[in-house]
Amino acid sequence: MNLKRYFIRALHRLQKGPGYTYKELLVWYCDNTNTHGPKRIIREGPKKKFIWFFLTLLFASLVFWQWGILINTYLSYNVTSSLSIGFKTMKFPAVTVCNANPFKYSKVKHLLKEMDKLIDAALERILQSGQQDPVSPLAVNSSENGSQALDLQLWNQLPLVLIDESHPDQPIIDIFTTNWTGARTQHNSSSPSPSNSHGCTYMMEWYVLQSTSIFAKVPLEERKQMGYQAEDMILACLYGAEPCNHKNFTQIYHPDHGNCYIFNWGMDQEALISSNPGAEFGLKLILDISQHDYIPYLTSAAGARLMLHEQKSFPFLKDQGIYAMSGTETSIGVLADELERMGYPYSDCTLNGSDVPVKNLYKGFNTSYSIQACLRSCFQAQMVETCECGHYLFPLPKGVNYCNNDNNPDWAYCYSSLRSSIRHRQFCIDSCKETCNDTQYKMTISMADWPSEASEDWIFHILSYERDLSTNVTLDRHGIIKLNIYFQEYNYRTISESAATTIVWLLSSLGGQFGFWMGGSVLCLIEFGEIIIDFLWITIINGISWCKGLKQKRAQACYPDAPPTVSELVEAHTNLGFQYEDGSVTPGSGNCCSGRLPPEPGTPPPNYDSLRVQPLDVLEQFDSQGGQTSK
């Protein structure tokens, strides 16, 4: 109770200025506020009072509307991009070079033998489609070995069909299971049919899918031995004025291009610094791609695939790489752009990928996070979940095997469906994030024939001797590529983001709108906050009073008769008297009770410490007939 009384008194002390009713509070605020408008409402006549009330309400609404727009603009977290140009010595980018052909055909021919025979027979059957004589589907053999029958097991797992648009009734023609004569056919592709667990693809895509199934069963070390070795591929190397060789490159295995070699990757040593801009201070390479040993149906492009990227980042050559053509000297001038993005809440970027829900499968290469690595890791995770095996082109999670036709007969259909699914693709896009800081290299590419006809003789002699220690020419212009990679200039561009709206902008904009429409300031806002607090105090006090009155009403409801007056209570006390524990009764003034006479003078008073006073109207009962009391 003491705490309750103290709380109520505190409320009253806090509320002694404006008054104790809402009307008094409102009048006090309008009379004391520094905001223009409310004072005129209570001081003007009826007509002007209405006008000023309308104007104050209108402008207050405009202020709140403008505040809502400003706050919404601030919470949208827009950014502005600024471009700055600087000059400094820069790290030379990491350079990844690969062969467009992943394996030497001479080393993988035994694995692709049956598949090559099927492709040769399919091409021969297509070419014979213009003849008038029917062709037996199983009698067609490859031109290389015409006496040996074809093994159609690979074909039945994933058949390649033709679509004949001239026969709408039967447009799909299986090359090896249908007798058909000269009909105008046209290659076409379609997605795998859900009713059939196989798919229809282009010839090269069919070959890639089948070779993927074959190479997935080959151990990694054997695949590396089947590819192009650094000492055979890198014939000459020069960085600035310093000679280099294949030992200065780091080998990685790339599923699309086989063995790839990275210069200045920064894994084992510090990144090289470019001393000066210009071609003479860059990297010069001479490569031998051995075009004569290409796999015929796996790739139709000849050349080197290369990419410039940051140190300790994985090269995704299929997306970001460029080709260098054989028999040419390719000069690549480089300009660097540094991107600096703002993090949350201005953009959904990440510093190192730790806040990305997708497990990075490229961490095994000790490389930094990139959105390409995240997208491929996400696709591989969906591939494992949907198809119960991993795709050959991406790293494997632990405990998962690569897909192949023997263990996973329907993997090609599952992969094709997953790749064309917009829902799965959007899921990976939503899950992955861009990096907040990134360096991009802009390239200016120029080419010329190399070597020239006048110099090719002595150049090929020297390169053949350095590689094979042979006096004979073992190289030709169909397999030789020269690369020049250098900084065009040391000017670099930095594209950075900054917040378009800050808290300072927000406060100044809010204050400007409030001052323009209402003539107010921060002190006016404090006054408004004060009146809100006073409003709450009055509400609390009224609530407490209401609860107290409700409690009293409930107490009165327990006693239907009217409560006795004070005089009635005094008279009852005088007439009835009190009885003590020892049986003695104090006499009353009425005649209804027979009590003892008062004690004689000089008689010591009773021991009141041992007495307990109880009202006689509780202990005595009156006899309704005789008017006597009974104890």
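User: Are Phe379 and Tyr415 buried or exposed?

Analyst: Both are buried, meaning under 20% relative accessible area, where over 50% is exposed and anything in between is partly exposed (1.4 Å probe, protein chains only). One heads-up: this is a predicted model, so local features need pLDDT of at least 70 and side-chain atom pairs pLDDT 80 or more, while totals for chains, interfaces and linings use all residues. Residues count from 1 along each chain as its sequence is written, and side-chain values use heavy atoms, with hydrogens and water left out.

User: How many aromatic pairs turn up in the whole structure?

Analyst: The search finds 23. In one of them, Phe64 and Trp67 sit 5.7 Å centre to centre with 80° between the planes. Rings of Phe, Tyr and Trp (its six-membered ring) pair when their centres lie within 6.5 Å; planes under 30 degrees apart are stacked, over 60 edge-to-face, the rest tilted. So 5.7 Å makes Phe64 and Trp67 a pair, and 80° makes that pair edge-to-face. Both lie in helix 4 (residues 46-75), 3 residues apart, about one turn of the helix.

User: What makes Phe64 exposed?

Analyst: Its relative accessible area is 54%, so it clears the exposed cut-off. Trp67, at 16%, is buried.

User: Why is the pair of Phe379 and Tyr415 called edge-to-face?

Analyst: The ring centres are 6.1 Å apart and the planes stand at 85°, so it earns the name. Phe379 is in helix 12 (residues 371-387) and Tyr415 in helix 13 (residues 411-419), 36 residues apart, which links distant parts of the chain.

User: How do you know that Asp406 and Lys217 form a salt bridge?

Analyst: Their side chains come to 2.8 Å, N to O. A salt bridge needs a side-chain nitrogen of Lys or Arg within 4 Å of a carboxyl oxygen of Asp or Glu, so this one qualifies. Asp406 is in the loop between helix 12 and helix 13, and Lys217 in the loop between helix 8 (203-215) and helix 9 (220-226), so the bridge ties together parts 189 residues apart in sequence. Lys217 is at 46% relative accessibility, so it counts as partly exposed.

User: What makes Glu329 and Lys482 a salt bridge?

Analyst: Their closest N and O atoms are 3.9 Å apart, so the pair falls within the cut-off. Glu329 lies in strand 12 (residues 328-340) and Lys482 in strand 16 (residues 480-487), so parts 153 residues apart in sequence are tied together.

User: Which residues do salt bridges with shared partners join into one network?

Analyst: Asp348, Asp355 and Lys433.

Note on methods:
Helix = DSSP H or I, 4+ residues; strand = E, 2+ residues; numbered from the N terminus.
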